[in-house]
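Reader: I'd like a close look at a single part of this one, please. Could you walk me through it in plain words?

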Amino acid sequence: MSTPGHGNKAVLAAMTANGTIAVAKFIGFALTGASSMLAEAIHSVADTGNQALLLLGGKRSKMAATDEHQFGYGRERYFWSFVVALVLFVLGSVYAIYEGIHKIQHPEHIDTPAIALGILGFAILAEGTSFRTAVKESNPLRLGRSWWRFIREAKTPEPPVVLLEDFGAIIGLTFRAQRHRVGDHHGQPNLGRHRHTVDQDLARFHSRTFDRRNEEPASG
């Protein structure tokens, strides 16, 4: 059994990571004026909002039962984790489709690759730290289960949500850094479309996994 507040540390770590990444990207936009950097900053702000929703769900789930809600508000945390899944899908998958098409039609040459790679390196470090915290928070809840089984069966929704989001972010950032490095070397800015395809697939995977988990909250 998990404690009601278990997972908050992972959520706070992810929220801090995404918030600092958003600040770094806004600084990058101020220095370069690149519209893509601004779009990325807004995306990170949305990711920060996801963690805020998870904290909101955890807080509301602890509210005492009332005449109107005689069984309490325990299900609130599952509802808000489902909302996060919808946000990931809309701002991840739909945004990725739009941005991918835009990059193909209007390719942007990177004039300051050092700044872009520096921000990406910082983002990978921040997401990696958040992911490490999520792993440490999840280990006591796994009870010997595989990671995949834990993600599918855990009753506490916050750690699996943060695990998936951080893992997907690290993969996306790694592809992004590789795209910048290869694209700058070969002068092929259109390589950005591959990154958005990866983002789209990851967002779809996140949404489906969260959806299935929240349909039947199991013990964990």
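Is tryptophan 147 buried, partly exposed or exposed?

Author: Sure, and keep in mind that this is a predicted model. Tryptophan 147 is partly exposed, with a relative accessible area of 31%. That falls between the cut-offs, since buried means under 20% and exposed means over 50%.

Now look at who sits around that ring. Tryptophan 147 makes an aromatic pair with phenylalanine 150, and the pair is edge-to-face. Their centres are 6.1 Å apart, with 80° between the planes. Why those two values? A pair of aromatic rings is described by the distance of the centres and the angle of the planes. Phenylalanine 150 is buried, at 0% relative accessibility.

Both residues belong to helix 5 (residues 147-153), where they are 3 residues apart, or about one helical turn. An α-helix has 3.6 residues a turn, so residues three or four places apart point the same way.

There's a charged neighbour to spot as well: arginine 142 lies over the face of tryptophan 147, at 4.1 Å from the ring centre.

If you want something to hold this up against, the count for the model comes to 3 aromatic pairs. One of them is phenylalanine 79 with tryptophan 80, also edge-to-face, at 5.0 Å centre to centre and 75° between the planes. Here phenylalanine 79 counts as partly exposed at 46% relative accessibility, while tryptophan 80 counts as buried at 19%.

Notes
Residues are numbered from 1 along each chain as its sequence is written. This is a predicted model: local features need pLDDT of at least 70, side-chain atom pairs count only at pLDDT 80 or more; totals for chains, interfaces and linings use all residues. Side-chain values use heavy atoms; hydrogens and water are left out. Rings of Phe, Tyr and Trp (its six-membered ring) pair if their centres lie within 6.5 Å; planes under 30 degrees apart count as stacked, over 60 as edge-to-face and the rest as tilted. Buried means under 20% relative accessible area, exposed over 50%, partly exposed in between (1.4 Å probe, protein chains only). Helices (H or I, at least four residues) and strands (E, at least two) are DSSP runs, numbered from the N terminus. A charge sits over a ring if NZ of Lys or CZ of Arg is within 6 Å of the ring centre and within 35 degrees of the ring normal.
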